[in-house]
Amino acid sequence: MQDLFAVSLEERSDWNLVDLNYKYDAIRNGYVLISENGSGDFYGFKVVNGVCDSKIYFYDHEVETWQDSTHSNLFDYLEKFALSN
């Protein structure tokens, strides 16, 4: 079961999008983090020429690399993890 962490711009939120992207700067390099799975892995958008790609990518903390995911866009990701429950 995938944990879905809601992104937030609230300053006191545990998942403040801006703060966590700064906190995980080394992981984020070239990506915008949008979610974590609770096990140290992340989902995010790849940044190409200053614009986020619509495809969702997966950061695997065990191999410390970004990989393609099965999610073609944010709706596809949300449909699987948020809208199906």
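Q: Helices and strands are DSSP runs, of at least four residues for a helix (H or I) and at least two for a strand (E), and they are numbered from the N terminus. With that in mind, how many helices and how many strands does the protein have?
A: This is a predicted model, and in it the protein has three helices and four strands. Read along the sequence, these elements follow the pattern α-α-β-β-β-β-α.

Q: Which order do the strands take in the sheet, and in which sense do they pair?
A: Two strands pair if DSSP finds at least two bridges between them. Here the four strands form an open sheet in the order E1-E2-E3-E4, and their pairing is antiparallel. Strand E1, residues 31-36, and strand E4, residues 65-68, stand at the edges with a single partner strand each, so one side of each has no neighbour in the sheet. On average, and with direction ignored, neighbouring strands of this sheet are turned by 40 degrees against each other.

Q: How many bridges hold each pair of strands, starting with E1 and E2?
A: E1 and E2 pair in the antiparallel sense over five bridges, and in E2 the bridge partner of Val-32 is Phe-45. Strand E2, residues 42-48, is joined to E3 by six bridges, again with the strands running antiparallel, and here Val-47 has Cys-52 in E3 as its bridge partner. Strand E3, residues 51-60, pairs with E4 over four bridges in the antiparallel sense; Tyr-59 has Trp-66 in E4 as its bridge partner, while Phe-58 stands opposite Gln-67 in E4.

Q: How should I read the hairpins, and how many residues lie between E1 and E2?
A: For each hairpin, look at the residues between the two strands and at the sign of phi there. The hairpin of E1 and E2 has five residues between the strands, and Gly-38 in the turn has a positive phi of about 85 degrees. In the hairpin of E2 and E3, two residues lie between the strands, and Asn-49 takes a positive phi near 55 degrees. The hairpin of E3 and E4 has four residues between its strands, and there Glu-64 takes a positive phi near 50 degrees.

Q: Which residue in the loop between E2 and E3 has a positive phi without being a glycine, and is that residue buried or exposed?
A: A residue is called exposed when its relative accessible area is over 50%, and buried when that value is under 20%. Asn-49, in the loop between E2 and E3, has a positive phi although it is a residue other than glycine, and with a relative accessible area of 78% Asn-49 is exposed. In the loop between E3 and E4 lies Glu-64, which also has a positive phi although it is not a glycine; Glu-64 is exposed, with a relative accessible area of 61%.

Q: How many of the residues of E1 are buried, and what part of the whole protein counts as buried?
A: E1 is mostly covered, since five of its six residues are buried. Of the 85 residues of the protein, 33% count as buried.

Q: How would I describe Val-18, which lies in helix H1?
A: The range between buried and exposed is called partly exposed, and Val-18 falls into it with a relative accessible area of 42%. Helix H1, where Val-18 lies, covers residues 17-23. The C-alpha atoms of Val-18 and Ile-34 are separated by 9.9 Å, and these two residues are 16 residues apart along the chain.

Q: What does Asp-60 have for charged company, given that it is buried?
A: To judge this, recall that a salt bridge needs a side-chain nitrogen of Lys or Arg within 4 Å of a carboxyl oxygen of Asp or Glu. Asp-60, which has its place in strand E3, is buried yet has no salt bridge, and the nearest side chain of opposite charge, that of Lys-80, is 14 Å away. The side chain of Asp-60 does reach the backbone nitrogen of Glu-62, at 2.8 Å. Leaving out residues up to four places away in sequence, Asp-60 touches Asp-41, Thr-65 and Gln-67.

Q: What share of the contacts joins residues 24 or more positions apart?
A: Among the contacts in the protein with a separation of 6 or more, residues 24 or more positions apart account for 24%.

Key: Residues are numbered from 1 along each chain as its sequence is written. This is a predicted model: local features need pLDDT of at least 70, side-chain atom pairs count only at pLDDT 80 or more; totals for chains, interfaces and linings use all residues. Side-chain values use heavy atoms; hydrogens and water are left out. Axes are lines fitted to C-alpha atoms, for helices over the stretch in contact, and angles run from 0 to 180 degrees between N-to-C directions. Buried means under 20% relative accessible area, exposed over 50%, partly exposed in between (1.4 Å probe, protein chains only). Lys and Arg count as positive and Asp and Glu as negative; His and the chain ends are not counted. A polar contact is a pair of N or O atoms within 3.5 Å; within protein, one must be able to donate a hydrogen and the other to accept it, and residues adjacent in sequence count only if both atoms are side-chain atoms. Contact means heavy atoms within 4.5 Å.
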